[in-house]
Each structure stands twice: as C-alpha cells, then as structure tokens.
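Please open the model in the viewer and keep the sequence panel visible. The tour proceeds by selections, each followed by a short account of what is found there.

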Amino acid sequence: VLEKNQDKSFDFVVAADTFIYVGQLERCFSLVSNALKEGGVFAFSVEYMTEPSDAFKLLPTGRYGHTDCYIDKLMLENDFRAVKKKNTQIRIESAEVVNG
C-alpha cells in the first residue's frame, strides 16, 4: 500500500507487532516518511535488543530484535521525531516477559 502512496497523503501509519518479522527497516521507514503528511504520526513497536554491535538480529524466538541506536538512526535519517518512546512489556512468551 505505501509503495503506491508516496504522495504524503497519510495522517497516521501503524506498524504494531509487525517489525519483529522484519530485520532491516530502512525501506519501511523511507516508505512511511514519503507517505505521511507533514505532522503525520508513525506509531510502531519493536522487540528490544541490547546487543550494541548489531542493529538488528534474528533471535532464537524466530523474531527480530532491534537496538535503540538503530531505531534512532532510522528516525533521524527519515526526519521523524519521537513524541513518546517507551520500553515496556510487549508480550509474554514461554512464561517470559518480552520487552519492546
């Protein structure tokens, strides 16, 4: 949908529980940036990863984790400004809390 709508016509784009299935997010962020109106909102979640040497990594769960540094870099490159950034529980898996 976003590939066909690069005319800055969207007010709001949501990617909830989506990026855990995508490693490299450069193209996603670029498409959203070109689809959002000035002042539009991009709300998304990622699985938090603390390994500073990797931007993202396929985790043993089969889902991707992304570092804060990687997400911050993508936001900067695409002229996004964080309105709210919160590290919180995004799910429970095998009786373990998963943060994002």
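Two strands are taken to pair if DSSP finds at least two bridges between them. The model under view is a predicted one.

**The open sheet**

Begin by selecting strands S3, S4 and S5, which form an open sheet of three strands with mixed pairing, in the order S3-S5-S4. Strand S3 (47-48) and strand S4 (56-58) are the edge strands; each has a single partner strand, so one side of each lacks a neighbour in the sheet. Next, restrict the selection to S4 and strand S5 (residues 64-66), where three bridges join the two strands in the antiparallel sense. Within this pair, display Leu-58, which is placed opposite Tyr-64 in S5.

**Helix H2**

Now select helix H2, residues 68-77, and show the side chains of Tyr-70, Ile-71, Leu-74 and Met-75, which are buried. These residues lie on the same side of H2, because the arc that they cover around the axis is only 135 degrees. An α-helix has 3.6 residues a turn, so residues three or four places apart point the same way. Which exposed residues does the face of H2 turned away from its buried side carry? They are Cys-69 and Leu-76. To see what covers the buried residues of H2, add helix H1 (26-35), strand S2 (36-44), S4 and S5, which are among the covering elements. Then step just beyond the end of H2 to Asp-79, whose phi is positive, at about 60 degrees.

**The largest pocket**

Turn on the pocket display and select the largest pocket, with a volume of about 990 Å³. Its lining consists of 31 residues, and those nearest the centre are Phe-42, Phe-44, Met-75, Arg-81 and Ala-82. S2 and H2 are the elements that give two or more residues to this lining. The largest share, nine residues, is provided by S2. Colouring the lining of the largest pocket by residue class gives 13 nonpolar, nine polar and nine charged residues. Met-75 thus appears twice on this tour, as a buried residue of H2 and as one of the residues nearest the pocket centre.

**Lys-37**

Finally, select Lys-37 in strand S2. Is this residue buried, partly exposed or exposed? Lys-37 counts as partly exposed, because its relative accessibility is 35%. Add Lys-8, Ser-9, Phe-10 and Asp-11, with which Lys-37 is in contact when its neighbours within four places in sequence are set aside. For Ser-9, the C-alpha to C-alpha distance to Lys-37 is 5.4 Å, although the two are 28 residues apart in sequence.

Definitions and conventions. Residues numbered from 1 in each chain as written. Predicted model: local features only at pLDDT ≥ 70, side-chain atom pairs only at ≥ 80, totals over all residues. Heavy atoms only, no water. Helix = DSSP H or I, 4+ residues; strand = E, 2+ residues; numbered from the N terminus. Buried < 20%, exposed > 50% of the residue type's maximum accessible area, 1.4 Å probe, protein only. Arc of directions from axis to C-beta. Contact = heavy atoms within 4.5 Å. 1 Å grid on protein atoms, 1.4 Å probe; cavity = no way out; pocket = protein on both sides within 12 Å on 5 of 7 lines; lining within 4 Å. Points joined across faces, edges and corners; volume = space filled by probe spheres on them. Nonpolar A, V, L, I, M, F, W, Y, C, P; charged D, E, K, R; others polar.
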